[in-house]
Amino acid sequence: MKFRFLHVVLLLLSFSNLNAQNTFDIVFPKANRDQICQQCTNIFRQKPKEVRFSVERENSNIYFKINDQQWFNTLFKNNGDGIAIDIVRKNRYDCNEKAQKSQIKGVLLEPVYAVKLRNGLKPINEQQFRVLVGEIPNGLLNSDLEYNILFLSNKNMCRYQVIYNLEAYSWDLLNMGMYLDEITYDVKEIKPNSNEGYTLKNKTLKFSIPFKKNKSEYSHDDMAPLYDSLHLTDFNIKAIKIKAYASIEGSLKRNIELQKQRANTIAKALQTFQKPTIKTEISSSENWVDFFNDIKGTKYSSMSTLSKSEVKSKIVGTVSRDLEPILKHHRKALVELSLEKKDKYIGMTPNELLNKFNDAISKEKLQEANELQNSILEKVKGKEVSPSILRKMNIPKQAKFAKIFNKNSAIRFMVSVRQGLVVYKELQELEKLVPNSGEVKYNLAAVKIILWRYKAIQVNETKLENEISALKNYGIDTSLISRMMINFHIIKSENFMRQRDFKGKDLSVSFINKNYNNVSLSDYDYLSLAQFFSYYANTNYSVGLLEEKAKSIDVDENLLFYYLNLTLINKELTNQTNYRTIMLNAININKARYCKLFNAIEKGGVTFQLLENEYLKNTYCENCQE
């Protein structure tokens, strides 16, 4: 993303009970508002959704920021068209007080009108402009502040907007991977500033292991499927992720102790399967998600409206026994194992492997050469050896060595995109030797798409689209083709946007929205695609994409919080029982991060003005003001 704006929410206010403060020359229309504000309303109605604006602070100065000068000049055409800033303090939403309903929530600054706005608008970088619209009074400089916008038409207040901050992640193409022995994907995590890597021969196993009440020991019968998988596999356990859940009744402290004991019991048991130490990641929480989902339609469904402490106080005695058939399913651990294929050459040095590989190639021992190549690639992956070793692997450009040559080129591209042009030319030559190889054609198309994205090569779009579609004739799975086609339209939408061809951009974005269900998405893909939709002003697509994921107890933390960022401003949604379940899951996963959503924008929050919503305020005060 080249630039980022805060999102805005329109609040149409009933104009009554103005605060006893200076409103300057602003007129607050009442009965005839629709007529008076018709021009302003039409300008906003015709605003392309790609036009974005926000307010930003620099020291004590407040700026209005926008990405479209043309629309800005249309909005502020007449002398009486302008902006006034309402500076709001967070202490307005103190948990011990009820916020007073008022049209102006804070301190209103003097309006700035059209001539000054147009003359003061200056470019700050590519496609961004800003203009000074006010200064923070000295008495407010040390407060937690936010800045709402009053849009004025002929000095009439016609639109009041609250800014909110949507947490941003970089968005990317869907992960196409490369064909090695089979499709191998980049390992991309959605944690900020994570190091990217790649996986050569790994796979993942997932299990759910139940526990009995007040017990940290598991049943061997329940662990049997996991044990069987490990006994039969020729993989080592590389890493374990364990999410341990306790049923919600009883002491929180005791529940957390049990969860940790359960997770550690499983981790120790799995370590017995191998000598290499297993990297273990453990998290724990009470299982409010399953509880609220499972009491729907029962005589206890009304508990979904109670606070957590109120629910706990009721689950005692007879009620506890009555609910046990439900609660027993909530005590469990979700285990995810990352497995890495065992390597019989693991004890060899890189030079020994290289010499043995080149010898196997010279003697045309292709199976042995393939196994040695995989071992070398593992060492490159583990950064035990420089990727330059790949250049020392002597692979003749002959059809019988095509698979090995293809794999070597592909991994060099995965290690460094800077090798893209070299690898692209190599694969073009290889394609001439094996014109019917789907693996080579797939890798060639994948590299071509990425080079096109970074403008490293010129591409005939129609020809590329046909090449992608034709992969089905060479045995490439349709889901992989769909993934490539989505990436094709992601790049097209970027190009359309640069050309200000909003119609073309919308067609490509619509194609992506209609077709992502045809592919299997990783968590990284989900978040990247949701950010892509939001960036192109299709937040409803983002919400639809993440909705089902957000309801899952084992949802990725970043996906869950991005969904909350997208939806917290929707009052209809936040008042639903299902949404409360999602919020409580977020609180259990990372309470500090949940509470931060209600910080001032300048402190990383969405907006503290979410606390205008009594339901959200009650949840915030219950969980964040302890």
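**Figure 1. Surroundings of Glu-494 in helix H16 of the predicted model**. Glu-494 is placed in helix H16, which covers residues 478–498. The side view centres on a charged residue, and its accessibility is given here as a relative area. Glu-494 has a relative accessible area of 12% and is therefore buried, the cut-off being under 20%. Leaving aside residues up to four places away in sequence, Glu-494 is in contact with Trp-171, Arg-453 and Tyr-536.

**Figure 2. Surroundings of Glu-50 in the loop between H2 and strand E2**. Strand E2 comprises residues 53–58, and Glu-50 is found in the loop between this strand and H2. With a relative accessible area of 5%, Glu-50 is buried. Its contacts, not counting residues up to four places away in sequence, are Asn-67, Met-497, Phe-502, Lys-505, Asp-506 and Ala-537. One of these partners, Met-497, belongs to the residue range 478–498 of helix H16.

**Figure 3. The disulfide of Cys-37 and Cys-158**. The sulfur atoms of Cys-37 and Cys-158 are 2.0 Å apart. The link is left-handed, with -80 degrees about the S-S bond. Cys-37 lies in the loop between helix H1 (33–36) and H2, whereas Cys-158 lies in strand E10 (residues 156–164), so the disulfide ties together parts that are 121 residues apart in sequence. Cys-37 and Cys-158 are both buried.

**Figure 4. The disulfide of Cys-95 and Cys-621**. A distance of 2.0 Å separates the sulfur atoms of Cys-95 and Cys-621. The angle about the S-S bond is -90 degrees, and the link is left-handed. Because Cys-95 lies in the loop between strand E4 (82–89) and strand E5 (107–108) while Cys-621 lies in helix H24 (residues 614–624), the pair ties together parts that are 526 residues apart in sequence. Cys-95 is partly exposed, its relative accessible area being 27%.

**Figure 5. The disulfide of Cys-595 and Cys-624**. The sulfur atoms of this pair, Cys-595 and Cys-624, are 2.0 Å apart. The link of Cys-595 and Cys-624 is left-handed, with -90 degrees about the S-S bond. Distant parts of the chain are linked here: Cys-595 is in helix H23 (residues 591–596) and Cys-624 is in helix H24, 29 residues apart. Cys-595 counts as buried at 14% relative accessibility, and Cys-624 is buried with a relative accessible area of 18%.

**Figure 6. Disulfide pattern and the unpaired Cys-40**. The protein has three disulfides. With bonded cysteines counted along the chain, the disulfides follow the pattern 1-3, 2-5, 4-6. Cys-40 is in no disulfide, and the nearest cysteine sulfur, that of Cys-158, is 5.0 Å away. That distance lies outside the 2.5 Å within which two cysteine sulfur atoms count as a disulfide. At 4% relative accessibility, Cys-40 counts as buried.

**Figure 7. The second largest cavity and its lining**. Two cavities of 30 Å³ or more are counted in the model, and the second largest holds about 50 Å³ of space. The lining of this second largest cavity is made up of Gln-39, Cys-40, Ile-43, Leu-75, Phe-76, Asp-81, Gly-82, Phe-151, Leu-152 and Ser-153. Helix H2 (38–45) and strand E9 (145–153) each supply at least two residues of this lining. By class, the lining residues comprise six nonpolar, three polar and one charged. Cys-40, the cysteine that is in no disulfide, is among the lining residues.

**Figure 8. Overall setting of the close-up views.** The secondary structure of the protein comprises 24 helices and 18 strands. Taken along the principal axes, the C-alpha atoms fill a box of roughly 90 × 70 × 40 Å. Of the 626 residues, 53% count as buried. Among contacts between residues at least 6 apart in sequence, 72% join residues at least 24 apart. The accessible surface of the protein comes to about 30,000 Å², and 47% of this surface belongs to carbon and sulfur atoms.

Conventions
Residues are numbered from 1 along each chain as its sequence is written. This is a predicted model: local features need pLDDT of at least 70, side-chain atom pairs count only at pLDDT 80 or more; totals for chains, interfaces and linings use all residues. Side-chain values use heavy atoms; hydrogens and water are left out. On a 1 Å grid over the protein atoms alone, a cavity is a set of points where a 1.4 Å probe fits but cannot get out, and a pocket is an open set with protein on both sides within 12 Å along at least five of seven lines; lining residues have an atom within 4 Å of a point. Grid points are joined across faces, edges and corners, and a volume is the space filled by probe spheres set on the points. Helices (H or I, at least four residues) and strands (E, at least two) are DSSP runs, numbered from the N terminus. Ala, Val, Leu, Ile, Met, Phe, Trp, Tyr, Cys and Pro count as nonpolar, Asp, Glu, Lys and Arg as charged, and the others, Gly among them, as polar. Buried means under 20% relative accessible area, exposed over 50%, partly exposed in between (1.4 Å probe, protein chains only). Contact means heavy atoms within 4.5 Å. Accessible areas come from the Shrake-Rupley method with a 1.4 Å probe; for residues, only the protein chains shown count as cover.
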